Amino acid sequence: MLRRLSVQVQQIKKLYFTFSVNEEYKIQILNRLKVIKHSNSDKDIVSNGHIENLSIDQDGRVIIDLKLDQDYRKIKALCSEALKEFEWIKNLDIRMAPKKENVFSQTNSQKRGNLQNVNKIIAVSSCKGGVGKSTIALNLTFSLQKLGFKVGIFDADVYGPSLPTLIGKEKQQLYAPEDKPKEILPIEFNGVKTMSYGYAGGNQKAIIRGPMVSSIVIQLVQQTQWQDLDYLIVDMPPGTGDIQISLCQELNFNGAVIVTTPQRLSFIDVVKGIEMFDVLKVPTLSVVENMAEYVCSNCNHIHRPFGPGYMNMLQKQFGIATALSIPLYGDISKYSDLGSPVVLTLPEDHTINNIYRQLANSVVNELNRTDLTQTPNVRYDTAKRVIIIRDFNGKEKPIKSIELRSKCNCALCVDEFTGRRLNQNQKLDQEVYPYKIEPKGNYAVAIVWSDGHRSSIYPYQRLWSDEINEHKA
C-alpha cells in the first residue's frame, strides 16, 4: 500500500511539473533560440518555423525537433550551445524532425524532372568510406538488369566519384540533346544508363561547400534523361550528414541498401544510417557486410580478418530480414580497376555472382513486400498495464511490460558475439512501463522504458513469436 501511494505521489509531482512549469520553460527556450539566424533567411529559426516541435517530458528532458535541410547540423550545434546557460536542462535531445506524411509522396507524379518515369529509386549507402559501397552499387545494378529489369545508376558523390573508373569511362564527356539543351544524355554501358559528376569534370580539384554539393547533385539527377526505368540505383556519398538528408528529401527513395564491414566501428555507423533512413521514412531493404572473410588458397580454411562481425546482431536488434556477406575476392578489385563489373565478367555459377543475384532478388522482394505490408499497431493499455500488438486483421497479442523489458536484445542486454544475456541477474523494476513507443521503419518498434532504458528495439516478427510470452488475463 505504501509503495503504491509513493508511486501516486511521484506521478502527481510529474503532472505538476508538466502543467505548471513546462510552458514557462518553453518560453525561455524559444526566446533564447530567437538569437539564431538561418543562413537562407533574415528571420530567426523560431520565426521561420525551423523548430517543428518543442516538448519537455515528465522527467524534465527537453526534446527539440529541427526541420531537415542543408543547415541541420550547423543549427543543431548552435542550439546546443545556446541552451547551455539553462542549468535546469539536465538532458537535451535535439533531433531531426520526422518527414511529414504525404500519401502522394512516393508516386511518380511527385518525382521531379526526368525522374517521373522512374518506378523505384534505391539508395546504396554506407555511413563511412572505404567499405566498397560503389562496387556493390554497380554490381547490384547489373544483377537487377540480369533479372530482366530496365536499370540506371547515379553516382551522387561529388567529392570522390567512382563510377567513371568502375566502368572505364574516365574520359567520357556529357552532351545535351539538340531539342532540349537544358537536359543531359546519360552514358550507356552494357545497356545500363549511368550518370556521374565525374563525367562533368568531377576529377578536377575544387572546393565546394555542402549546400552547393546538394544543389549540383540534385540538378544532375533530375536533368538526366533517364526515360522509363524500373530501378534507379543511387550510389550515395558516405556518411549521414546534410547532403544525404537533402538527397533523401528530394529523391523520394523507395528503399535503402546499407553497406558495412565486420568492424565494430562500421557497426556503430550502420546503426546511425538505419536510424537516419527510419526518420526519413525510407525502409532499409538489406544490409551487406563486405570483405567479411576469405578462403586460403593453400589450405581452404576460411579466415575472418576483421572478426566475426555483427550481422547476427543487426538482424536480431532491427529485424532486417536480408543480411548478406560478400567475401574478400581478388578478382573483384582486379576487374573493378579494369572497368569491368565483376558480375559481367565471372561465370554465372561463381560464388560472387550467386551472392549478387541473391541480393538483387531480395531487394525486389522486399520492395514488393513493403508495398503490400501494413505494419502492426503497438500500444500500451494503461488500464490493463499490458503492451498490445495488433495486426491489420484485428489479431491481438497482449504482453506484460516486464516480459518485454527483460527480453531486450540491445547491446547493453545481450553480448554482441556470444548472444549471452547480460541482464539476467539485474533487478528489473517489476512495474516498469513503456514511456514512449515509436515505429522503426516498417520492421520494428522502439520503446523507451520508465526505468531509463532507451535502446530497446523489437522486430514485429519477434513480438508475434513464441519467444515473447503472451499475457494470459
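This is a short talk on the strands, cores, charge pairs and surface of one predicted model.

Good morning, everyone. Keep in mind that the model is predicted. Let's start with the strands.

Take strand β2, residues 62-66. How many of its residues are buried? The count is 5 of the 5, so β2 is largely enclosed by the rest of the structure. Look at its two faces. On one side sit Val62, Ile64 and Leu66. On the other side sit Ile63 and Asp65. Both faces are covered, and all of these residues are buried. Asp65 is on that list too.

Now, what pairs with β2? Strand β1 covers residues 51-56 and pairs with β2 in the antiparallel sense. That pairing runs over 5 bridges. To find it on your screen, go to Leu54, whose bridge partner in β2 is Ile64. Then there is strand β3, residues 92-96. β3 pairs with β2 in the parallel sense, again with 5 bridges. Here the place to look is Val62, which stands opposite Leu92 in β3. To recap: β1 is antiparallel to β2, and β3 is parallel to β2.

Next, strand β9, residues 255-260. β9 is mostly covered, with 6 of its 6 residues buried. Gly255, Val257 and Val259 point one way. Ala256, Ile258 and Thr260 point the other way. All of them are buried.

Which strands pair with β9? One is β4, residues 118-125, which pairs with β9 in the parallel sense over 4 bridges. Another is β10, residues 284-290, also in the parallel sense, over 5 bridges. Put your cursor on Val257. Val257 is the bridge partner of Val124. Val257 also has a bridge partner in β10, namely Ser286. So follow the path through that one residue: Val124 to Val257, then Val257 to Ser286.

Let's move to the cores. How many residues does the largest nonpolar core have? The number is 106. Leu33, Ile64, Phe154 and Phe253 have the most contacts inside this core. You have met Ile64 already, as the partner of Leu54. Which helix gives the largest share of this core? That is helix α11, residues 351-372, with 8 residues. Apart from this core lies another one, of 20 residues. Its members include Ile389, Cys410, Val414 and Trp449.

A quick word on cysteines. A search of the whole structure finds 0 disulfides. Is Cys79 buried or exposed? Cys79 has 0% relative accessibility, so this residue counts as buried. Cys413 is buried as well, at 1% relative accessible area.

Now the charges. Side chains of opposite charge can pair when their charged atoms come close. How many salt bridges turn up in the whole structure? The search finds 14. Here are some of them.

Lys193 bridges to Glu188, and their closest N and O atoms are 3.8 Å apart. Lys193 has 14% relative accessibility, so Lys193 counts as buried. Its partner Glu188 is partly exposed, at 46%. That bridge joins a buried residue to a partly exposed one.

Next pair: Glu396 and Arg390, with their closest N and O atoms 3.3 Å apart. Glu396 is partly exposed, with a relative accessible area of 38%. Arg390 is partly exposed too, at 38%.

Then Lys407 and Glu403, where the closest N and O atoms are 2.7 Å apart. Glu403 is buried, with a relative accessible area of 14%. Finally, salt bridges can link up. Lys146, Glu348 and Arg357 are joined in a network of them.

Out to the surface. Which residues form a nonpolar patch there? They are Tyr294, Phe306 and Leu328. Together they have about 230 Å² of accessible area. Tyr294 lies in strand β11, residues 294-295. This tyrosine is partly exposed, with a relative accessible area of 33%.

One last stop: Glu275, in helix α7, residues 264-279. Glu275 has 35% relative accessibility, so Glu275 counts as partly exposed. How far is Glu275 from Lys440 in sequence and in space? In sequence, they are 165 residues apart. In space, C-alpha to C-alpha, they are 7.8 Å apart.

That's the tour. Thank you.

How values were computed: Residues numbered from 1 in each chain as written. Predicted model: local features only at pLDDT ≥ 70, side-chain atom pairs only at ≥ 80, totals over all residues. Heavy atoms only, no water. Buried < 20%, exposed > 50% of the residue type's maximum accessible area, 1.4 Å probe, protein only. Helix = DSSP H or I, 4+ residues; strand = E, 2+ residues; numbered from the N terminus. Pairing = 2+ DSSP bridges. Patch = residues over 30% accessible without salt bridge, like charges linked within 9 Å, V, L, I, M, F, W, Y side chains within 5 Å. Areas by Shrake-Rupley, 256 points an atom, 1.4 Å probe, with all protein chains shown as cover. Salt bridge = Lys/Arg side-chain N within 4 Å of Asp/Glu carboxyl O. Core = buried A, V, L, I, M, F, W, Y, C linked by side-chain atoms within 4.5 Å. Disulfide = S-S within 2.5 Å.
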